[in-house]
Amino acid sequence: MSADGIAPNIKKRPHHNRDELCKSRPSYRQGKKLTAVKVYTINDESQHLIIRGVPALNLQRELKNLCMRYGEVKLLHTIANYSQDEEAFTEVFHVLYARIQSARFAKQMIDDKNFFGGILHVCYAPELESLSETRQKLTQRENDVLKRIRKQSNQNVAKVTSSSSVASRAPT
């Protein structure tokens, strides 16, 4: 990153594009507004977010305040020369959250939000992760899955124990 807070050499990738809205969903599955259907794996998610569509009005401080509502922001800077087909008079920002859970929540809350007259588009940028960040993300996911498995098995044991004690008290 340069001294003026501008990140060099971050290029637009295909997964940064907004997906088409799903129009073939059955009416009982459709919410109040049309949404794109996209599935994310742990490899697609990241602490790194790219926020597009920010009006070019020197709004870095306001954007940082918005992002900080959803978790600790380690880094926020403008991306220079991101793409030739970006909307005129808008900027693109790179945001790095301290925790992946914060980035997930921020993406969910900020995407398609009106921000000073511009509609924001937020996407994950896993290509910006270091090897240690990827390792940490996968380890965290493994721990979360193991925790859920233990919790589920403890609940199943409690159900079996309570049903067997009820059965033993039943008159024969």
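In this predicted model, K107 forms a salt bridge with D111, and the closest nitrogen and oxygen atoms of the pair are 3.8 Å apart. K107 is itself buried, with a relative accessible area of 10%, and this lysine is one of the buried residues of helix α2, which spans residues 100–110. The other members of that buried set are I100, S102, A103, A106 and I110. When the helix is viewed down its axis, the buried residues of α2 fall within an arc of 150°, so they line one face of the helix. Just after α2, D112 takes a positive phi of about 65°.

Helix α2 also takes part in a salt bridge through R104, whose partner is E45, with the closest N and O atoms 2.8 Å apart. Because R104 lies in helix α2 whereas E45 lies in the loop between β1 (6–7) and β2 (48–55), the pair ties together parts of the chain that are 59 residues apart in sequence. The two partners differ in their exposure: R104 counts as partly exposed, at 25% relative accessibility, while E45 counts as buried, at 12%. A further salt bridge joins the side chains of E129 and K137, at 3.2 Å from N to O. Here E129 is buried, with a relative accessibility of 13%, and K137 is buried as well, with a relative accessible area of 6%. In total, the count comes to 3 salt bridges.

With regard to the chain as a whole, the secondary structure comes to 3 helices and 7 strands, and from the N terminus on these elements run in the order β-β-α-β-β-α-β-β-β-α. Of the 172 residues of the chain, 34% count as buried. Among contacts between residues at least 6 apart in sequence, 71% join residues that are at least 24 apart. The chain exposes about 11700 Å², of which carbon and sulfur atoms supply 53%.

A nonpolar patch on the surface is formed by V145, L146 and I149, which together have about 230 Å² of accessible area. L146 lies in helix α3, which covers residues 131–169, and this leucine is partly exposed, with a relative accessible area of 36%.

Cysteines were considered last. A disulfide is a covalent bond between the sulfur atoms of two cysteines, and the structure holds 0 disulfides. C67 counts as buried, at 0% relative accessibility, and C123 is likewise buried, with a relative accessible area of 4%.

Key
Residues numbered from 1 in each chain as written. Predicted model: local features only at pLDDT ≥ 70, side-chain atom pairs only at ≥ 80, totals over all residues. Heavy atoms only, no water. Patch = residues over 30% accessible without salt bridge, like charges linked within 9 Å, V, L, I, M, F, W, Y side chains within 5 Å. Areas by Shrake-Rupley, 256 points an atom, 1.4 Å probe, with all protein chains shown as cover. Salt bridge = Lys/Arg side-chain N within 4 Å of Asp/Glu carboxyl O. Helix = DSSP H or I, 4+ residues; strand = E, 2+ residues; numbered from the N terminus. Buried < 20%, exposed > 50% of the residue type's maximum accessible area, 1.4 Å probe, protein only. Disulfide = S-S within 2.5 Å. Contact = heavy atoms within 4.5 Å. Arc of directions from axis to C-beta.
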